[in-house]
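Me: I'd like to learn how to read a model like this one, step by step. Could you walk me through it?

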Amino acid sequence: MATTDTSHLRIAIIGGGLAGATLANALIQIPRLEIQVYEAAPTFSERGAAVALGPNALQALHEILGSGKDDLMKRAGAVPLNSVRSVIGSGPNAGKIVFESSDPEPGIVVHRASLLSELVGQLPKTVLHANKKLAAINLKSDTAAMEVVFEDGTIADFDAVIGADGIFGRVRSFVLGDDADRYDASPAGFWDCRTLVPFEKAKTVLGSELFEIDRQYGWAGDGGYILHDVLANRTTVHCVISAVEPSPTRDRKRPLNREILTQTLNKWLDGPIAKGIIELFLEQDDLDGYSQWEHKETPTYVNGTICVIGDAAHATTPWQGAGAAMAFEDAMILQALLSHATSSKDIKLAFSAFDALRRPRCQRIIDSSRGTGVILCGRDANAGLDPEKLLEALAPRWDFIEGLDMVAHKEEALRIFAEAKMG
Ligand SMILES: Cc1cc2nc3c(=O)[nH]c(=O)nc-3n(C[C@H](O)[C@H](O)[C@H](O)COP(=O)(O)OP(=O)(O)OC[C@H]3O[C@@H](n4cnc5c(N)ncnc54)[C@H](O)[C@@H]3O)c2cc1C
């Protein structure tokens, strides 16, 4: 039976990535909610390298987990992003510094798999269901409940479904209905590849002067961008090569080799970084590049008591390091709203308030992130690879992302919810 009064409400979270696991940590604190998390993969695990989390991501996590956030980050091996240096990587200005920052309120860098494992590890095993791939969501005609159908043929009833099932998730189609294909993710015009390298190896190949302190380096150059970060107590270096995609392709993944990397960075080869980075990448066995895809437009994140969060709602390019941060903000807002929901009707109003508040911000971040990629790859018509002009173009771009006051954001969500309730 769907719930129409103040008894407990059953919520299915589809997807156990960073968005789903964070949301589960948020909602499990609300005694009225019974949550279950369903993950299609055989285990709750993350592939990929590091994730950088700025002040907004950390504040959202703090709002969700309280002081437990710091312990969690410590266990996950997070290191502060104390210092960032942006440098020109190709052309006549190669080696010149664009900006250097040592933030009084630094972000952090953390290994994605470790972060997910810590988030999942503090949830009761009874709410975690691996190997459960969502197939369909059916509305039940006699009640407000929904039937959640999995590919293994099992079915469970819920009062609400939250899709945290990633960029190609299934729940999005139950939110957008017949129009869903129109709003599928599409190529953003860049690709990237990533690798983790032992610290000593990176220091030898790239030069010890780049590793005197734990500093993130970003190299902006002709048609591309190179980044390296020190991780995990100076044992590992995370390296990224990103580049403009000459012709966007529907094929997201492609094998890379020396010829492709050299061709991509051909205007960089006389500069201080490209040759060394290419050597580090070529040590990797299966070297693949991935197209960056994004949601260019999404008319709603919500359909009644179904909603999407994280990459399922607003997948973005990684240029402003904001994808996971948006997922944490989503979880924080849903925690605030759903702690005031006592019926299926309230859940609808809460989801609707979530959509009204979150969609404009997330779409603005998606658009800004793509534009930042253009600038960092030296393709901004005005800035080019001029260090001073680059600084001018880049400096203000993070303010609206990192400067959001999370407490005020929650209050705004609750104001929209209360107004809707008053009707
Ligand atoms: C290369 C790269 C670098 C990035 N760097 C940063 C960064 O520095 N900072 C930052 O903030 N963000 C960054 N991001 C973005 C960030 O990693 C993502 O926004 C975030 O991980 C998304 O998490 P998610 O849980 O929404 O999606 P996912 O991680 O995709 O998780 C979705 C989960 O749902 C499961 N699933 C899918 N379909 C089903 C189904 N039918 N049934 C059940 N389960 C299903 C999947 O198996 C998966 O486990 C980066 C992203 C990329 C690609």
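Me: How many helices and strands does the secondary structure of the chain come to?

Reply: Happy to help! Keep in mind that this is a predicted model. The chain comes to 14 helices and 20 strands.

Me: What does the radius of gyration of the chain agree with?

Reply: The idea is to compare the value with a rule for globules. A compact globule of 423 residues would have a radius of gyration near 22 Å, and the chain has 22 Å, so the two agree. Along its principal axes, the C-alpha trace spans about 70 × 40 × 40 Å. As for the interior, 54% of the 423 residues count as buried. Among contacts with a separation of 6 or more, 75% join residues 24 or more positions apart.

Me: Now a single helix. Which residues of helix 4 are buried?

Reply: First, the general idea: an α-helix has 3.6 residues a turn, so residues three or four places apart point the same way. In helix 4, which covers residues 112–121, the buried ones are Leu-115, Leu-116, Glu-118, Leu-119 and Val-120. Their cover includes helix 1, strand 3, helix 3, strand 7, strand 8 and helix 10 (323–338).

Me: And loops? Is Asp-159 buried or exposed, and why?

Reply: Look at relative accessibility, where buried means under 20%. Asp-159 has 0%, so it counts as buried. This residue lies in the loop between strand 11 (155–158) and strand 12 (160–163).

Me: What lies 2.8 Å from a polar atom of the Asp-159 side chain?

Reply: That is the backbone nitrogen of Arg-10.

Notes:
Residues numbered from 1 in each chain as written. Predicted model: local features only at pLDDT ≥ 70, side-chain atom pairs only at ≥ 80, totals over all residues. Heavy atoms only, no water. Helix = DSSP H or I, 4+ residues; strand = E, 2+ residues; numbered from the N terminus. Buried < 20%, exposed > 50% of the residue type's maximum accessible area, 1.4 Å probe, protein only. Polar contact = N/O pair within 3.5 Å; in protein donor to acceptor, adjacent residues only side chain to side chain. Contact = heavy atoms within 4.5 Å. Rg over C-alpha atoms; globule rule 2.2 N^0.38 Å.
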